[in-house]
Amino acid sequence: MTAWRTHEVFNQFDELADFNLLGTDAALGEALERAGALWARPQLSAYGQQLGAQETWRLAEEANRHTPTLHGFDPRGRRIDSVEFHPSWHALMALYRGQGLVAQPFRDAQPGRWAAWAAGFYLHGQVEQGTLCPATMTTASIPVLQKEPALWAQLQAPLFSNDYDARDVPLAQKHAIWLGMGMTERQGGSDVRANTTLATPLRSGPGAGGRGGEYLLRGHKWFFSAPMCDAHLVVARTAEGGHACFFVPRWRPDGSKNAVIVQRLKDKVGNRSNASSEVEFEDAWGILMGEEGRGIPTIIEMATTTRLNCVLGSAAILRQATVQALAYARQRQAFGRPLAEQPLMRAVLVDLALESEAALVLAMRLAEAFERDDSPVQRAWKRVMTPAAKFWVCKRAVELTGEAMEVFGGNGYVDSSVMARLFREAPVNSIWEGSGNVMCLDVLRAIGRAPDAAMALLAELAEAAAGEPLLQAELQALRSLLATPPEQREALGRVLVQRLVLVAQACLLRRHAPAAVADGFMATRLGSAGAGRVVGAIDTRAVDVAAVLARAFPA
């Protein structure tokens, strides 16, 4: 029985657990203080401790290993379109809901509420991202629903609730609800104007075809996120008024199941704990939101918030990948000393740390703009920089999680590891809510529509760049790109947006981070240093490596 035991297992280390995600993150704590959100720190610290516990990591692993199952019919052949989730999914959903984060930005006017929400979302996203899909859509739906007084009167209490109610029953019976979105169709993808799903007024006369009128929807959605949500906001076209937005509940007001038929669940690369589906609308009942012809602007308003969530989610992945890689490299011995003491590995680790803090400081600045939104410069941060940040931060997360996985060698590539799950999760934020090219086009459109706001943003960046020649040179290059003739600008969209984000991150770090972080970021990202390199291909002589790594995660 012992003949196979040929050796002792040593120099092997599990991925990090049982630590406080907030208590070990100096940059996040400073961001909360800047935003006036220190009132939220005790609760967020307790949440960070709970999220970092070994038990929560186990829940995350189980929720992603035991993926959702679709049950189209009950045992007697009645159509139910029900999705069964593992108990760990429900535990994680209840954990997030219980923090009050779903409605926090809209529940009161307390200063720093957006930063507190962003911090909670960022902490949760480091451990499990699938549960944040319905949370993201529910939060983003609130300001849209608030514009519909009759509907909002019914939905406010269950949307603001901190309870978790997993029952599949009509809205009127629910203590707490979740909302999803339905935009994408087979033929259109990001081109929502190509959608063919048709909405027909249920009846003629007063109330039909007008705000709050009842419609029947017929068509499909190729990606229908979280089909077990209690309702979805759906884009469909009308016969005469163009595309409109509709509130489509899972159950009709009379208690019958709505005619939203789940065809199948997507077998995704990552985000596997969450159910994404293909559906058919077979005269599904819905309520018109706003006016006919205004559906795409309505849903884009919602997407502006969900894009911020994508930035936060990718920043969370970057953060946890960096922490896990650093903790492992400090323990793992190779060639006679810890990996974290070897110069080439230190170049990789410090590059990860710089990228992670830059992503966080940008995401938290965007959260501030969402809370204030009271001046041209704040609106520019919200409308111009949010899609720019989504483009850049989400793409960097894909690349850097691969590098962090490599720190673990073959252990990182084993499917049951935390690193593997982070790697699989990373691409979804870059694709969802508009891929990279769509984000760049949105940045160009936002600048074109509000050039004064864009100039106010550049003026704020110029103030932060004062006295730093390298940063000033980058800002001047950015201005030159913006002066490109419109017919040439689209082809340069990725160049322009990349430069815009790097300048913004450098300015924010210069203003808020220690000199070791700000100087290290500028020395490795701006000018010729940032051209065409891979992670770790930096001149560490220009970086205070020890200071940056000590700040990233205390030894």
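The protein chain in front of you folds into 20 helices and 11 strands, and what you are looking at is a predicted model. Let's start with the overall shape and then move inward.

Along its principal axes, the C-alpha trace spans about 80 × 75 × 45 Å. The radius of gyration is 24 Å, and because a compact globule of 555 residues would have a value near 24 Å, the two agree. Buried residues account for 58% of the 555 residues. The contacts add to this picture: taking those between residues at least 6 apart in sequence, 72% join residues at least 24 apart.

On the outside, the chain exposes about 22400 Å², with carbon and sulfur atoms supplying 53% of that area. As for charge, there are 57 positive and 58 negative charges, and their mean positions lie 2 Å apart.

Now for the cysteines. The structure holds zero disulfides. A disulfide is a covalent bond between the sulfur atoms of two cysteines. For a pair to count here, the sulfur atoms must lie within 2.5 Å. C133 is in no disulfide, and the nearest cysteine sulfur to it, that of C229, is 7.4 Å away. C133 is buried, with a relative accessible area of 10%. C310 is likewise in no disulfide; here the nearest cysteine sulfur belongs to C394, at 5.4 Å. With a relative accessible area of 0%, C310 is buried too.

A charged residue is worth a stop next. R365 sits in helix α10, which covers residues 343-372. Is R365 buried or exposed? Its relative accessibility is 8%, so R365 counts as buried, the cut-off being under 20%. Setting aside neighbours within four places in sequence, the contacts of R365 are Q378, W381, E460 and L508.

Finally, turn to helix α13, residues 418-431, which is mostly covered, with 10 of its 14 residues buried. Which residues of α13 are buried? They are V418, M419, A420, R421, L422, R424, E425, A426, N429 and S430. These buried residues pack against five helices that you can pick out by their numbers: α3 (54-65), α9 (295-331), α11 (376-407), α12 (410-413) and α14 (436-449). Just after α13 ends, look for E433, where the backbone takes a positive phi of about 65 degrees.

Technical notes: Residues are numbered from 1 along each chain as its sequence is written. This is a predicted model: local features need pLDDT of at least 70, side-chain atom pairs count only at pLDDT 80 or more; totals for chains, interfaces and linings use all residues. Side-chain values use heavy atoms; hydrogens and water are left out. Helices (H or I, at least four residues) and strands (E, at least two) are DSSP runs, numbered from the N terminus. The radius of gyration is taken over C-alpha atoms; the globule rule is 2.2 Å times the number of residues to the power 0.38. Buried means under 20% relative accessible area, exposed over 50%, partly exposed in between (1.4 Å probe, protein chains only). Contact means heavy atoms within 4.5 Å. Accessible areas come from the Shrake-Rupley method with a 1.4 Å probe; for residues, only the protein chains shown count as cover. Lys and Arg count as positive and Asp and Glu as negative; His and the chain ends are not counted. The place of a charge is taken as NZ of Lys, CZ of Arg, CG of Asp or CD of Glu.
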